[in-house]
Amino acid sequence: RKAKLTVVASGTCGENAAWTLDSEGVLNITGDGPMADNNTNQAPWEAYKYQIKQVVIGKDITYIGKFNFFRCSRLETVTFEEGTKLERIGWGAFGYSSLPAITIPDSVNRIDGYAFYYCSKLTDVAISENSKLESLGEYAFKADTKMTSLYIPDGVTKIGSAIFKDVTGVTLSVAENSYAQAYAEKYGIAYTARPVPAAIIA
């Protein structure tokens, strides 16, 4: 018989944002607007972070705060409710976590510095061609040595220094003659250039 799902802990994590952790290790973030920023190892669920296996971000959350999931070493999945309004992933938000893969919602326009640094299991960061992403912060994927590719959308116009510091063997997919292509050349990162659709050129 399956054990009954129980709430392990709950609380607030932003002015209008709340969290609940259940007995299966699912952390649900609900409410609306931004999640609060934190210092390292001081997230609201700090006492329970080694129980967190899955994070579900509610559709009306707009910002994942600084260091929110830092050192969540049992984290397996992060999912976003359909129709998500998430716009930004904060500084160091998933740093040193065990996250193996993530799909960045198309609504996200900014990924801050160090957002995924030292994620030693991270192999796949999925970004679609419909992404609104404009900015990638410095060292965002530093030391993520299992990553081999990253799609950078046409609309990206700002990339901080050395987003793949201490990573070898990664290939970027960039738009031809784009800011991202110039960035890849500057930092000696392998890339493949995709032709820009005629509609954009016109």
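Student: Let's start with Asp 60: which exposure class does it get at 26% relative accessibility?

Tutor: Heads-up: this is a predicted model, where local features need pLDDT of at least 70, side-chain atom pairs count only at pLDDT 80 or more, and totals for chains, interfaces and linings use all residues. Numbering runs from 1 along each chain as its sequence is written, and side-chain values use heavy atoms, leaving out hydrogens and water. Buried means under 20% relative accessible area, exposed over 50%, and partly exposed in between (1.4 Å probe, protein chains only). With its 26%, Asp 60 therefore counts as partly exposed.

Student: Which side chain meets Asp 60 in a salt bridge at 3.4 Å, N to O?

Tutor: A salt bridge here is a side-chain nitrogen of Lys or Arg within 4 Å of a carboxyl oxygen of Asp or Glu. The partner of Asp 60 is partly exposed too, with a relative accessible area of 35%. At 3.4 Å, N to O, Asp 60 meets Lys 59.

Student: What is the N to O distance between Lys 49 and Glu 46?

Tutor: Lys 49 counts as buried because its relative accessibility is 2%. Glu 46, at 24%, counts as partly exposed. Their side chains meet in a salt bridge, and the N to O distance is 2.7 Å.

Student: How many residues apart are Lys 142 and Asp 166?

Tutor: These two form a salt bridge, with their closest N and O atoms 3.3 Å apart. Lys 142 sits in the loop between strand 12 (135-136) and strand 13 (149-151), while Asp 166 is in the loop between strand 14 (158-159) and strand 15 (171-175). Strands are DSSP E runs of at least two residues and helices H or I runs of at least four, numbered from the N terminus. So the pair links distant parts of the chain, 24 residues apart.

Student: Is Lys 142 buried or exposed?

Tutor: Its partner Asp 166 is partly exposed, at 46% relative accessibility. Lys 142 has a relative accessible area of 14%, which makes it buried.

Student: Which residues do salt bridges with shared partners join into one network?

Tutor: Seven salt bridges turn up in the structure. Those that share partners make one network of Lys 59, Asp 60 and Lys 85.

Student: Zooming out, what percentage of the residues count as buried?

Tutor: The chain has two helices and 16 strands. Along the principal axes, its C-alpha atoms fill a box of roughly 55 × 35 × 35 Å. Of the 202 residues, the buried share is 47%.
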